[in-house]
Amino acid sequence: MSHVCSGVDERGGISGSSIEFLGRTVRKTARSGGEEKLLAQAEHMKRLAQKLPGHVLKPIKTDSCGYSMEYFPGISLDVFCTMCSPYAAFQRLSEIVTLMHDNLYAKHNESYDIYAYFDYLNKRLESYGRLAGGASELNARLQDLRACLNGKTALEHCRAGLVHGDLTFENILLTADSFVLIDSNPSPSYFAPWALDVGKIRQSVFSFYERSKYSGAQSREALEKVYLYIGERFSRLFPVWSEALDQQSRFFEISHYIRLLDYKYRTSPKLSKYYYDLSLRLTDELVRSMRVAS
Ligand SMILES: Nc1ncnc2c1ncn2[C@@H]1O[C@H](COP(=O)(O)OP(=O)(O)OP(=O)(O)O)[C@@H](O)[C@H]1O
Ligand SMILES: [Mg+2]
């Protein structure tokens, strides 16, 4: 068998796993204690594979300490962004969004209890607060946001189903004529609002850590234009949802930063402070815009 590549990447990401490249196979192994999380990820990817066309998710084989799948000889979308214009990357993103819509979101369209998600975020914030010595300001801001929901706001009317859960540019691998999705996230549950995936795309477009990798540092203005382009695409796909898209995806973008806080605190307290302040600022903006709209 010809070996396309080999090696071990110990960086592991949030699940604390290691990745090995063995010929045509990629193996993800849990570090001690992380087995349950990794197997939940494998199970989630199997569920996604049942809904998405075969070429988009590689078949997964699980065992007691992780899973393996076929190696896909592509580059991730964030690397693609550094090699060509972000517009070309967003063209590819449109294909992916359309496919997600047609195969996942449009097929399982249920209402979602956003208040339960607020409770979940409060727990994440408490856990960060224990590490960082408090998170009262952001907690108060989330309470303000919650208080804005009055039975009429778009945020209260999320549509939900099976989503990828971690649809960052890093988890989309591309070749010239194909792509695969990797590294889904079933947390906090398999069933989640579609806007969670859109919020993740927002995070990829605007977030500091991926933006810092774009060579030639795209200006915020250029990125906003690009995001509008995605917004148009989503609006066409979700006519009923289009007005709600902005509010919901902004909320879920913030939620992704909040969910990162305690993990980031352990690896880089400075970066977690950056995400904390960013969440504070974006929540403020969202509260202000919701007050104006109501
Ligand atoms: N099937 C695959 N084919 C080619 N490369 C892959 C494949 N799966 C993973 N990779 C490469 O390995 C990297 C890490 O894999 P993955 O995204 O699954 O884990 P992670 O982001 O490190 O972990 P975590 O789940 O903890 O966030 C990917 O960004 C990609 O470059
Ligand atoms: Mg990943």
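This is a short talk on a predicted model, going through its sheets, a helix, some aromatic pairs, a metal site and a few backbone details.

I'll start with the strands. Strand β2, residues 17-22, and strand β3, residues 25-30, run antiparallel and are joined by 6 bridges. If you want one bridge to look for, S17 has A30 in β3 as its partner. The two strands make a hairpin with 2 residues between them. In that turn sits G23, with a positive phi of about 60 degrees.

Next, a sheet. β7, β8 and β11 form an open sheet of 3 strands, in the order β7-β8-β11, and the pairing is antiparallel. Its edge strands are β7 and β11, each of which pairs on one side only. Between β8 and β11 there are 3 bridges. G161 is a residue to find here, as it stands opposite A192 in β11. Helix α6 packs on this sheet and touches β8 and β11. The direction of α6 makes about 60 degrees with that of β11.

Let me stay with α6 for a moment. How many of its residues are buried? The count is 13 of 13, so the helix is mostly covered, where buried means under 20% relative accessible area. We can also check its length. At 1.5 Å a residue, the 13 residues should span 18 Å, and the end C-alpha atoms are 19 Å apart, which agrees. If you multiply 1.5 by 13 you will not get that figure, because the expected span uses one less than the number of residues.

There is another open sheet of 3 strands, with the order β6-β9-β10 and antiparallel pairing. At its edges stand β6, residues 75-76, and β10; each has a single partner strand, so one side of each is left without a neighbour in the sheet. β9 and β10 are joined by 3 bridges. Here L173 has V180 in β10 as its bridge partner.

Now the aromatic rings. The structure holds 12 aromatic pairs, and I will show two of them. In the pair Y105 and W194, the ring centres are 6.0 Å apart and the planes are at 40 degrees. Why is this pair called tilted? Planes under 30 degrees apart would count as stacked and over 60 as edge-to-face, so 40 degrees falls in the remaining class. Y105 lies in the loop between α3 (86-103) and β7 (110-111), while W194 is in helix α6, residues 194-206; the pair therefore ties together parts that are 89 residues apart in sequence. Both Y105 and W194 are buried.

My other example is Y117 with F251. Their ring centres are 6.1 Å apart and their planes are at 70 degrees, so this pair is edge-to-face. Y117 belongs to helix α4, residues 114-132, and F251 to helix α9, residues 242-267, so to speak of distance along the chain, they are 134 residues apart. Y117 and F251 are both buried. They also belong to one aromatic cluster, made of Y117, F118, Y120, F251 and F252.

On to the metal. Which residues are the protein donors of the magnesium ion, ligand 2? They are N171, through OD1, and D183, through OD, lying 2.1 to 2.2 Å from the ion. N171 is in the loop between β8 (159-162) and β9 (172-174), and D183 is in the loop between β10 and β11, so the pair ties together parts 12 residues apart in sequence. Is each donor buried or exposed? N171 has 6% relative accessibility, so it counts as buried. D183 has a relative accessible area of 22%, which makes it partly exposed.

D183 has one more detail. Its phi is near 55 degrees, a positive value in a residue other than glycine. Most residues other than glycine have a negative phi, and most peptide bonds are trans. The loop between β10 (179-181) and β11 (191-193) also contains P188. The peptide bond from S187 to P188 is cis, with omega near 5 degrees.

Last, P269, which is in helix α10, residues 269-293. P269 has a relative accessible area of 44%, so it is partly exposed. Its C-alpha atom is 8.2 Å from that of A132, although the two residues are 137 residues apart along the chain.

Methods. Residues are numbered from 1 along each chain as its sequence is written. Chains are lettered from A and ligands numbered from 1 in the order in which they are written. This is a predicted model: local features need pLDDT of at least 70, side-chain atom pairs count only at pLDDT 80 or more; totals for chains, interfaces and linings use all residues. Side-chain values use heavy atoms; hydrogens and water are left out. Helices (H or I, at least four residues) and strands (E, at least two) are DSSP runs, numbered from the N terminus. Buried means under 20% relative accessible area, exposed over 50%, partly exposed in between (1.4 Å probe, protein chains only). Rings of Phe, Tyr and Trp (its six-membered ring) pair if their centres lie within 6.5 Å; planes under 30 degrees apart count as stacked, over 60 as edge-to-face and the rest as tilted. Donors are N, O and S atoms within 2.8 Å of the metal (3.2 Å for Na, K and Ca); water is not among the atoms, so sites may look incomplete. Two strands pair if DSSP finds at least two bridges between them. Contact means heavy atoms within 4.5 Å. Axes are lines fitted to C-alpha atoms, for helices over the stretch in contact, and angles run from 0 to 180 degrees between N-to-C directions.
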